[in-house]
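Grab a pencil and work through the exercises below. Each one comes with a solution that goes step by step.

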Amino acid sequence: MGLSGGFVARVLALAAVMLTLLSPSTSSNSEGDALYTLRKSLNDPDNVLTSWDPTLVNPCTWFHITCNQDNRVTRVDLGNSNLSGHLVSDIAKLEHLQYLELYKNNIHGTIPAELGNLKSLISLDLYNNNISGTIPAQLGKLKSLVFLRLNDNKLNGRIPRELTAISSLKVLDVSNNDLCGTIPTIGPFERIPLNNFENNPRLEGPELLGLASYDTNC
């Protein structure tokens, strides 16, 4: 017995609906995997990450995670959580992330350059840790960034000139590191107070455009 065209159409329509419903879960699984990779890279003596269970379909039920209405992760709030360990490049898989809050911990290692792919990121707060290495130039791709606080770490090298292209940047603090060279003076840096650069012994002050190379003493 043949199947009627109407029946086949209804089956196809139902299948399309099911695929639509499953799409957020698929992305949530991917984001859950990325977050679980971060969890495995961190030491958590106070068990603040115990709800980060990779067997759950949706990371939006985990503590310290906020999602939007499509079940995509928009916030990771782990400030002042007594965490140590290092950051992982998998964080960049959180494509809708707006707030990455990991301040006041004991995180070491470097800032993954892949964080520059988080095009929705508004706030990157990594201050008061033990992060070393340079500030990745790729952070200059964060065109939605408003807050960049990297103070009180062990960062070295130059302040990337790529950051001057972030017109949305309102707050930047890189004080209490070991940065060198000179301070940019164009773009958003025109309104950043000088005390947000203090206590970098090798930093030589604002650059004089056309008169001083910004890579001196680096």
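**Exercise 1.** Find the accessible surface of the protein and the share that belongs to carbon and sulfur atoms.

*Solution.* Start with the total: the accessible surface of this predicted model comes to about 10900 Å², using the Shrake-Rupley method with a 1.4 Å probe, where for residues only the protein chains shown count as cover. Next, split by atom type: 53% of that surface belongs to carbon and sulfur atoms. Now look inside: of the 218 residues, 43% are buried (under 20% relative accessible area; exposed is over 50%, partly exposed in between, with a 1.4 Å probe and protein chains only).

A word on the ground rules: since the model is predicted, local features need pLDDT of at least 70 and side-chain atom pairs count only at pLDDT 80 or more, while totals for chains, interfaces and linings use all residues. Residues are numbered from 1 along each chain as its sequence is written, and side-chain values use heavy atoms, with hydrogens and water left out.

**Exercise 2.** Count the helices and strands, then give their order.

*Solution.* Helices (H or I, at least four residues) and strands (E, at least two) are DSSP runs, numbered from the N terminus. The count gives one helix and 13 strands. Reading along the sequence, you get α-β-β-β-β-β-β-β-β-β-β-β-β-β.

**Exercise 3.** Locate the disulfides and work out the handedness of each.

*Solution.* Look for pairs of cysteine sulfur atoms within 2.5 Å, which is what counts as a disulfide. There are two. One joins C60 to C67, S to S 2.0 Å. Its S-S torsion is about -95°, so the C60 and C67 disulfide is left-handed. The other joins C180 to C218, also with S to S 2.0 Å. Here the torsion is about 110°, so this disulfide is right-handed. Because C180 sits in strand β12 (residues 178-183) and C218 in the segment after β13 (202-206), the pair ties together parts 38 residues apart in sequence. Then check the cover: C180 is buried at 3% relative accessibility, whereas C218 is partly exposed at 41%. Counting bonded cysteines along the chain, the pattern is 1-2, 3-4.

**Exercise 4.** Is V76 buried or exposed, and what is V76 in contact with?

*Solution.* First place V76: strand β3 (residues 73-77). With 1% relative accessibility, V76 counts as buried. Then list contacts (heavy atoms within 4.5 Å), leaving aside neighbours within four places in sequence: V76 touches L35, W52, H64, I65, L94, L97, Y99, L100 and E101. Finally, take L94: V76 and L94 are 18 residues apart in sequence and 9.9 Å apart in space, C-alpha to C-alpha.
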